[in-house]
Amino acid sequence: TTNHLRHVESMATMPSGAGNIPHLNAIVLGEALACEENDLIFPSDDFSRQAHVPSPLKYLEMYKRSIEDPAGFWSDIASSFYWKQKWDQQVYLENLDVRKGDIRIEWFKGGITNICYNCLDSNVEAGLGDKIAFYWEGNEPGVDATLTYIQLLHNVCQLANYLKDIGVKKGDAVVVYLPMLMELPITMLACARIGAVHSVVFAGFSAESLAQRIVDCKPKVVITCNAVKRGSKVIHLKDIVDAALIESSQSGVSIDVCLTYENQLAMKKESTKWKEERDVWWQDVIPKYPTTCAVEWVDAEDPLFLLYTSGSTGKPKGVVHTTGGYMVYTATTFKYAFDYKPSDIYWCTADCGWITGHSYVTYGPLLNGASAVIFEGAPNYPNPGRCWDIVDKYQVTIFYTAPTLVRSLMRDSDEYVMRYSRKSLRVLGSVGEPINPSAWRWFFNLVGDSKCPISDTWWQTETGGFMITPLPGAWPQKPGSATFPFFGVQAVIVDEKGVEIEGECSGYLCIKSSWPGAFRTLYGDHERYETTYFKPFPGYYFSGDGCSRDKDGYHWLTGRVDDVINVSGHRIGTAEVESALVSHPQCAEAAVVGVEHEVKGQGIYAFVTLVEGVPYSEELRKGLILNVRKQIGAFAAPDKVHWAPGLPKTRSGKIMRRILRKIASRQLDELGDTSTLADPSVVDQLIALADV
Ligand code: 6R9
C-alpha cells in the first residue's frame with residue numbers, strides 16, 4: 001500500500017544518529033516492518049497529513065532532541081505557558097541513583113506560576129471565554145449542563161474565596177470525596193488557585209479507606225455531596241463521609257468543616273443527615289462569594305496534589321505531584337497523544353478519583369483550551385448504547401476509555417453500537433491495563449469504523465502523564481501494543497540484575513532519567529519512595545510492570561510483576577485485601593492473587609484459612625467479602641473465596657504465590673516444583689477444595 005511505503009521511506013531517510021537510540025534501532029530498518037505488514041494498521045494519509053506529528057521521521061526528530069537536550073526541548077514548550085516569573089535556576093535537576101544520595105527530581109525550580117491560571121485565566125484572555133469547557137452529562141439521559149471557560153473561572157473563584165475565608169492556606173490539604181459532577185474539577189481548580197493541595201478520594205472507596213487517607217494527610221476541610229445516582233442505584237456519599245470522620249477523629253484527626261454539595265437529582269437536602277456545627281451546604285455559601293479571586297503564585301516545585309494509590313504493602317501510598325513539570329507534561333502529552341485540535345470535543349470516561357481523571361479530565365484538556373465531556377453515570381445505563389448516544393449527542397471526536405469497558409460492551413450486541421452514527425469520532429484511546437488484541441480490534445473496527453487510530457497510553461499515577469503511547473498520525477499500530485515512548489521518556493527493559501537489555505527482549509520496564517510529570521515523593525515517606533521505586537534497579541525508576549519489545553521496537557506491556565492486581569484498571573494491593581480479610585474474627589490467614597477475568601482483566605482470588613474449628617459456610621464467605629467491601633470498597637471485593645486448610649509455604653514461612661496463582665487459574669499440571677514446601681500435602685488439599 002502507498003501508506004506503508006510512505007512510512008518505510010520516511011524511516012529510511014531518517015537523520016543519521018537516530019540509530020544511536022537503542023529502542024529505535026529496530027524500527028529504522030524499514031524491512032522489519034514489511035514482514036509484519038499484516039499486523040500493522042496504518043493511519044490514513046488524510047489523518048497523518050493533518051496531524052501534529054505526521055510521520056515516524058518527525059517523531060524521531062523530536063524524540064531525539066528531547067533526549068539529547070531535555071532542557072532545551074522542555075523549556076521551549078514551557079515557554080508557551082504563563083509564568084509570573086521564569087525559572088531562574090536549572091530547567092531540571094535530577095538524581096535517580098540511590099547510590100549517589102537522595103533521589104531528588106526538580107523541574108523549572110524557581111519558576112513562579114499557577115496551574116489554575118493557566119487552565120482558565122489564560123484561556124479567557126486568549127478569547128476562549130465563551131468556549132464550552134465542560135459538557136456535563138448526568139446519570140439520566142436528558143439531564144445535562146455546560147460551563148464555558150468564563151463560567152468555570154467564576155465558579156472556581158467563588159469556591160477559592162470560600163476556602164480562603166475558612167482559613168485554607170497555601171500548602172494545606174483538602175480532601176475531596178465527590179462523584180463526577182462539575183463540582184469535582186471546580187474543587188480541584190479552586191484548591192490549585194490558592195495553592196492548597198487537593199487529595200481526591202475516589203467516591204467508590206469505603207468509609208475506612210477514606211478515614212485512612214484523612215488521617216494520613218490531615219486536611220483542613222473535606223468536600224463531598226449528599227448522594228449520587230449511578231445507574232439505578234443511589235449511593236449516600238455523605239453517610240460514608242460521616243462514618244469516615246468519626247473514625248478519623250478516633251485517630252486524633254478531627255475535621256472542622258465538611259462542605260457538602262446538594263445533589264438534588266439524587267437526594268434532597270431534607271433527607272440528608274446533618275451535623276450543624278460541622279456541615280455546610282455548598283449552595284448556601286458558595287454563590288455569595290465574589291467571582292474573582294487573586295491567584296496564589298507558587299513555585300514550580302510546590303505540591304499541586306496528593307493521590308493515594310496501592311502498592312505491595314497494606315498502606316496506600318500518597319503520590320505527590322508538583323506544579324510546573326506536571327502542568328507542562330500533562331498539557332503536552334494530551335496534545336500529542338490525542339493529536340488534539342481546538343475543534344475537538346473530547347471525552348474521557350475516567351473518574352477524577354483516579355490519576356487519569358486528574359491529568360486527562362481536568363488539567364490536560366483545560367490547559368489546551370479543550371471542550372471536554374464529563375459523565376456522571378454508568379456507561380451501560382439505561383442500556384449498553386449509552387456511550388455512543390453521548391458520542392453522537394456531543395459530537396465527540398476523541399474518546400478515551402479503559403479496556404474493561406470495551407470488553408464489557410463487547411459482550412452486548414453490536415447493534416447497540418451500530419444504532420448510533422459515531423461519525424464524529426477521529427481518535428480513540430485506551431488506558432488502565434493492557435488491551436487485548438480482540439478488544440482492540442472490536443474497538444477499532446466497530447466503534448471507530450476502522451478509521452480512528454487508538455492511542456493505547458501506558459502510564460501510572462506516579463508518572464503523572466503518558467509514558468509509552470502511540471502518536472496517532474505517526475505510527476502504524478499493532479493491536480495491543482502501546483508502541484513507543486513519549487518525548488523525553490527513556491524507557492528501558494532490564495533483566496533481574498538490572499542490566500539493560502536491547503533489541504527483541506522482555507523484562508522489567510524501567511525509566512532512565514526523569515521527565516517533567518514524574519512524582520517527587522510519597523507523602524510523609526520519602527524513604528519508601530526511594531525503596532519502592534529506585535532501589536530495585538539502582539539508577540532507574542522501576543515501574544512495577546513487565547514489558548517486552550518486539551523486533552520492530554514496539555512495546556508490549558505484560559502486567560504488574562509485583563503484588564499489585566489490576567481489576568478493571570483499578571490498582572489493588574493484594575496485601576490490602578488480605579488485611580481486610582484477616583481482620584474478620586474467624587479468618588486466620590489469607591493469601592490473595594490475581595486471576596484472569598474476561599471483563600475485568602484481572603479478578604481477585606482469595607485463599608482463606610479459617611480459625612481452628614470454624615466450619616466453612618456461605619454466610620461466612622459473604623461476611624469475609626463484606627469486610628473487604630467495607631474496608632476498601634466494593635470494587636475490591638474478591639470474586640472467589642477458596643477455603644484453604646493451609647497455605648503453601650516455604651520452610652522459612654513465605655507463601656508461595658506462584659503455586660496459588662496456578663491453582664487459582666486451574667493450571668494444575670503446571671504447579672512446578674512443590675518439594676521445597678514445608679508441607680507439600682497442602683497443595684492436594686487445596687485442589688480438593690477448589691470448587692467448594
Ligand atoms: C494510568 C493508570 C498503573 C498501572 C500500570 C500498568 C497498568 C495502565 C496501561 C497499563 C498496559 C496500558 N496500565 N495503562 N498496562 N497498557 N495502556 O492506570 O494509573 O492506576 O496508577 O495504574 O496500570 O500495570 O503500572 P494507575
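A polar contact is a pair of N or O atoms within 3.5 Å; within protein, one must be able to donate a hydrogen and the other to accept it, and residues adjacent in sequence count only if both atoms are side-chain atoms. The model on your screen is predicted, so local features need pLDDT of at least 70 and side-chain atom pairs count only at pLDDT 80 or more, while totals for chains, interfaces and linings use all residues. Residues are numbered from 1 along each chain as its sequence is written, and side-chain values use heavy atoms, with hydrogens and water left out.

**First stop: the ligand**

Select the ligand and then Arg560, where a polar side-chain atom lies 2.8 Å from an oxygen atom of the ligand. Add Asp545, whose side chain has an N or O atom 2.7 Å from an oxygen atom of the ligand, and then Asp456, whose side chain has an N or O atom 2.7 Å from a nitrogen atom of the ligand.

Now show the surrounding residues (those with a heavy atom within 4 Å of the ligand): there are 17, and Asp456, Thr457, Thr461, Asp545 and Arg571 are the closest. The shell consists of six nonpolar, six polar and five charged residues, where Ala, Val, Leu, Ile, Met, Phe, Trp, Tyr, Cys and Pro count as nonpolar, Asp, Glu, Lys and Arg as charged, and the others, Gly among them, as polar.

**Next stop: α6**

Select α6 (115–128), a helix (a DSSP run of H or I, at least four residues), which gives five residues, the most of any element, to the lining of the second largest pocket.

How values were computed: Helices (H or I, at least four residues) and strands (E, at least two) are DSSP runs, numbered from the N terminus.
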